Amino acid sequence: MSDATAAKEATAGVVPDVAASRTVVSDAWRTLRRRPDVVVAALVIAFFAFMAAFPGVFTSTDPQSCIIGDSKIRPQGFGAPHPFGTDPHGCDVLAQLVHGSRPSLMLAFLVVAASVVIGVTLGLLAGYYLRWVDAVVSRTVEVFLVVPLLLAALLLLSLFRNVHVGSGSLDVILLPALVLTMFGWMGYARYVRASVLEAKNLDYVTAAKALGASDLRVMTRHVLPNAIGPVTALVPTAIAGVISAEAVLAFLGIGVRPPAISWGIMISNGSEWVTGGYAYLLLFPLGCLVLTVLALVALGDALRDALDPRLR
Amino acid sequence: MAERAVVTRTGGDDVVLEVRDLAKSYPVRRGVLLKRTVGEVQAVDGVSLTLRRGRTLGLVGESGSGKSTLARVLVGIEKPTRGQVLVGGQDVSTMSRAERRHLRRTVQMVFQDPYTSLNPRMSVGEIVGEPFRIHPDAVPARGRRAAVAELLELVGLDPDHANRYPHQFSGGQRQRIGVARALAVKPDVLVCDEPVSALDVSVQGQVINLLEDLQDELGLSYLFIAHDLAVVQHIADEVAVMYLGRVVEQGDDAAVYDDARHPYTRALLSAVPVPDPTARDLPGEIVLEGDPPSPADPPSGCRFHTRCWLARQIAQQSLAGPGAGTEAGGAAEGDGPVVPERCRTQDPVLVRLGAPALVGAAGGPDVPHTVACHFATVPVVPQEPPDLREPVDRSAPADRQEPADRQDPADRQDPADRQDPADRQDPADESVRS
């Protein structure tokens with residue numbers, strides 16, 4: 001093989017792209033918007049986000065005006081006063097679903113976003129610098145892994161008992177968000193640290209260092225993009241986890257408490273009635289949760305593939 | 001050879017990179033909470049090298065001999081524990097941060113594995129253009145795209161492929177991308193850490209040719225690390241042989257290859273496969289026993305004595321005939337193999353062999369042939385002939401008589417031609433050149 005054939009081999013097959021300096025992100029966007037599964041998943045997410053932002057569009061019933069005489073009405077279909085039926089207290093299930101979406105989704109995204117930021121940052125620093133940074137981070141991770149979530153939640157609850165945090169939807173979820181974030185970041189830190197250890201010794205990292213690249217540049221441009229993979233797989237399931245964990249905290253009186261409503265509380269309450277013949281009480285909120293998570297999984301997978309040039 | 005001589009003459013003997021008594025050790029730590037330093041791994045221990053403009057210094061040695069660590073120290077990724085690195089006559093350790101940053105542009109590196117040396121998530125244009133982002137003053141922002149295209153063309157790639165990703169290229173092409181990235185900052189010195197050992201033999205020739213062409217075109221100096229002796233002989237002007245963190249033999253390409261004096265070098269050379277089928281049955285390969293000792297606990301005295309065939313022979317001879325014992329320094333029984341006392345206790349230094357060897361190309365710098373062995377000048381008649389290419393040497397009675405023999409250009413030229421990797425490894429190599 002000679003230089004000439006090597007060059008020819010390189011030219012063959014691909015039409016030289018005229019578009020100048022494309023980046024991984026712009027390439028990824030181009031790939032993503034052509035995939036039907038991505039479009040459907042994005043629409044599902046947008047639908048629930050819209051519901052959380054403007055609940056009034058979907059129902060005019062007040063989720064807290066519960067008439068005990070109307071309890072346990074089975075789903076009547078759209079057009080009737082209770083399309084999704086009512087719960088044992090006579091509250092409208094549709095209204096609760098719609099109004100419960102906001103605290104649930106806000107909490108989930110807030111907690112996961114904060115956990116990912118904290119975990120990825122600490123994991124990256126620990127894996128990259130090792131030595132005392134790693135010692136501090138790794139031991140902290142272990143401490144947080146050992147403390148039971150409920151115990152810590154109770155402790156925080158008593159600490160903040162007399163602190164008035166307001167009554168807006170953000171204020172309501174602030175305490176559970178704090179607790180769940182505090183005990184949610186460790187997984188990301190460990191996964192990222194492990195991948196960083198692997199990625200940072202590769203030759204392209206050495207090459208960047210030999211060129212005089214700063215630590216920040218090496219970490220953000222070379223190490224992190226190649227170490228973030230495991231995290232993208234964790235995020236969608238973590239969102240589901242947060243939504244159900246919130247119900248447990250609500251039971252302790254932190255965050256969303258009855259008569260205010262969230263998907264987590266609906267799932268927790270509804271599960272008691274499944275065997276009693278009222279499965280719809282569980283299935284409606286659970287369906288919303290599953291739909292959201294599945295859409296996120298599809299989006300996450302597609303995003304990960306699109307951001308990896310090798311899989312395109 | 002002719003074109004390289006031109007470069008050397010224009011460059012004179014100005015030294016672009018000098019290493020003085022360089023050492024790099026890594027602490028071995030034990031313990032869970034309180035880490036204690038329980039020992040040191042001497043990866044590189046007292047290496048001195050000189051690299052002149054437009055020349056190529058080949059660095060050979062088996063794995064674990066410290067070649068790659070030396071490379072990492074030279075490009076500034078690792079800090080030396082002792083010694084100096086002088087770039088253009090300036091000591092790197094006394095430089096300020098800004099100066100050191102600028103120095104990075106003088107010494108660049110080409111890596112062994114083209115599959116891990118390119119970030120899979122960056123396009124070729126981004127990879128080759130990254131040096132300009134790190135050193136914004138190198139090329140104005142507007143000219144960067146053109147500069148990347150120019151670099152890709154320089155290494156023989158299609159500039160239109162700047163938007164492709166590394167996985168879309170073959171190994172040889174990826175290595176070219178790596179070379180283009182290193183050249184982006186216009187370095188004087190390229191440290192090539194086994195740049196062709198991961199490549200297909202047919203592609204090796206292409207990359208070697210590319211490196212040689214670039215040297216002629218840009219006046220680059222190479223520190224060429226390899227374990228393929230034939231490749232080193234083809235590209236290098238000077239050769240240094242490393243064993244366990246030290247240089248054991250150093251000198252002009254021809255001097256080291258044709259008149260190797262260190263037993264380790266001789267063993268390495270004898271292990272080079274000979275492409276001539278009639279020569280295959282000739283005895284002469286020296287097989288070293290065992291693995292290199294751990295650099296955390298190097299042997300006393302001469303570091304090679306645990307595996308040295310020459311020392312054992314000398315010891316045997318001195319045991320057989322007490323008269324020869326004075327020369328060999330007396331042999332001693334130990335738990336290891338029987339070797340002369342001197343080899344076990346005294347650390348040999350690099351000494352210049354005989355008369356100054358006039359071995360460089362005409363007008364080129366004088367490169368002394370140095371060897372770190374107590375018995376480099378002792379005439380030895382090995383039971384296993386170490387060097388089949390020069391049977392005359394073995395029977396040479398004394399070292400003093402050899403330089404005249406060595407300097408015979410016809411004598412030297414012949415084996416060098418026979419060993420030419422372009423001839424034996426890559427038939428396409430010559431067609432590329434013409």
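# Worked exercises on a predicted two-chain model

A:Thr86 touches A:Asp70, A:Ser71, A:Lys72, A:Ile73, A:Cys91, A:Asp92, A:Val93, A:Tyr280 and A:Leu281, leaving aside residues up to four places away in sequence. The model is a predicted one, and the exercises below begin with this residue.

**Exercise 1. Determine where A:Thr86 is placed and whether A:Thr86 is buried or exposed.**

Step 1. Locate the residue in the chain: A:Thr86 belongs to the loop between α3 (36-53) and α4 of chain A.

Step 2. Compare its accessibility with the cut-off, under which a residue counts as buried below 20% relative accessible area. The relative accessible area of A:Thr86 is 0%, and A:Thr86 is therefore buried.

Step 3. Consider the confidence of the chain: chain A has an average pLDDT of 80, and 87% of its residues score at least 70. Over residues 1-21 of chain A, however, the pLDDT is below 50, and this stretch has 30 contacts in the model beyond near neighbours in sequence.

**Exercise 2. Work out the strand order of the open sheet of 4 strands in chain B, and explain why β2 and β5 stand at the edges.**

Step 1. Take the pairings one at a time, beginning with β1(B) and β2(B), which pair in the antiparallel sense over 13 bridges; within this pairing, B:Leu22 stands opposite B:Val47 in β2(B).

Step 2. Turn to the pairing of strand β1 (residues 15-30) with strand β4 (residues 82-87) of chain B, which is antiparallel and runs over 5 bridges. Here B:Val19 has B:Val85 in β4(B) as its bridge partner, B:Arg20 stands opposite B:Gln84, and B:Ala23 stands opposite B:Arg82.

Step 3. Add the last pairing, in which β4(B) and strand β5 (residues 90-91) of chain B are joined in the antiparallel sense over 2 bridges, with B:Gln90 in β5(B) as the bridge partner of B:Val87. These two strands form a hairpin with 2 residues between them, and B:Gly88 in the turn has a positive phi of about 60°.

Step 4. Assemble the pieces: the order is β2-β1-β4-β5 (chain B), with antiparallel pairing. β2 (36-52) and β5 each have a single partner strand, so one side of each is left without a neighbour in the sheet.

**Exercise 3. Examine the positive phi values of B:Glu194 and B:Leu244, and state where each residue lies.**

Step 1. Recall the general expectation, which is that most residues other than glycine have a negative phi.

Step 2. B:Glu194 has a positive phi of about 45° although it is not a glycine, and B:Glu194 sits in the loop between β7 (189-193) and α7 (201-218) of chain B. With a relative accessibility of 6%, B:Glu194 counts as buried.

Step 3. B:Leu244, likewise not a glycine, has a positive phi near 50°, and B:Leu244 is found in the loop between β9 (238-243) and β10 (246-252) of chain B. Its relative accessibility is 3%, and B:Leu244 also counts as buried.

**Exercise 4. Describe the span and the surroundings of helix α6 of chain B, then the setting of B:Gln316 in helix α11.**

Step 1. Helix α6 (residues 171-183) of chain B has 13 residues and reaches 18 Å from its first C-alpha to its last, which is close to the 18 Å expected at 1.5 Å a residue.

Step 2. Because 13 of the 13 residues of α6(B) are buried, this helix is largely enclosed by the rest of the structure.

Step 3. B:Gln316 lies in helix α11 (residues 309-320) of chain B, and B:Gln316 is partly exposed, with a relative accessible area of 48%. Its C-alpha atom is separated by 7.8 Å from that of B:Val338, which lies 22 residues apart along the chain.

**Exercise 5. Identify which elements and residues line the largest pocket.**

Step 1. Begin with the volume, which is about 1,800 Å³ for the largest pocket. Of the 44 residues that line the largest pocket, the closest to its centre are A:Arg131, A:Lys209, B:Ile77, B:Glu78 and B:Lys79.

Step 2. Assign the lining to elements: α4 (93-129), α5 (131-146) and α9 (203-210) of chain A, together with β1, α2 (67-74), β4 and α3 (97-103) of chain B, each supply at least two residues.

Step 3. Name the main contributor: α5(A) gives the most to the lining of the largest pocket, with 5 residues.

How values were computed
Residues are numbered from 1 along each chain as its sequence is written. Chains are lettered from A and ligands numbered from 1 in the order in which they are written. This is a predicted model: local features need pLDDT of at least 70, side-chain atom pairs count only at pLDDT 80 or more; totals for chains, interfaces and linings use all residues. Side-chain values use heavy atoms; hydrogens and water are left out. pLDDT is the predictor's confidence in each residue, from 0 to 100. Contact means heavy atoms within 4.5 Å. The expected span of a helix is 1.5 Å times one less than its number of residues. Buried means under 20% relative accessible area, exposed over 50%, partly exposed in between (1.4 Å probe, protein chains only). Two strands pair if DSSP finds at least two bridges between them. On a 1 Å grid over the protein atoms alone, a cavity is a set of points where a 1.4 Å probe fits but cannot get out, and a pocket is an open set with protein on both sides within 12 Å along at least five of seven lines; lining residues have an atom within 4 Å of a point. Grid points are joined across faces, edges and corners, and a volume is the space filled by probe spheres set on the points.
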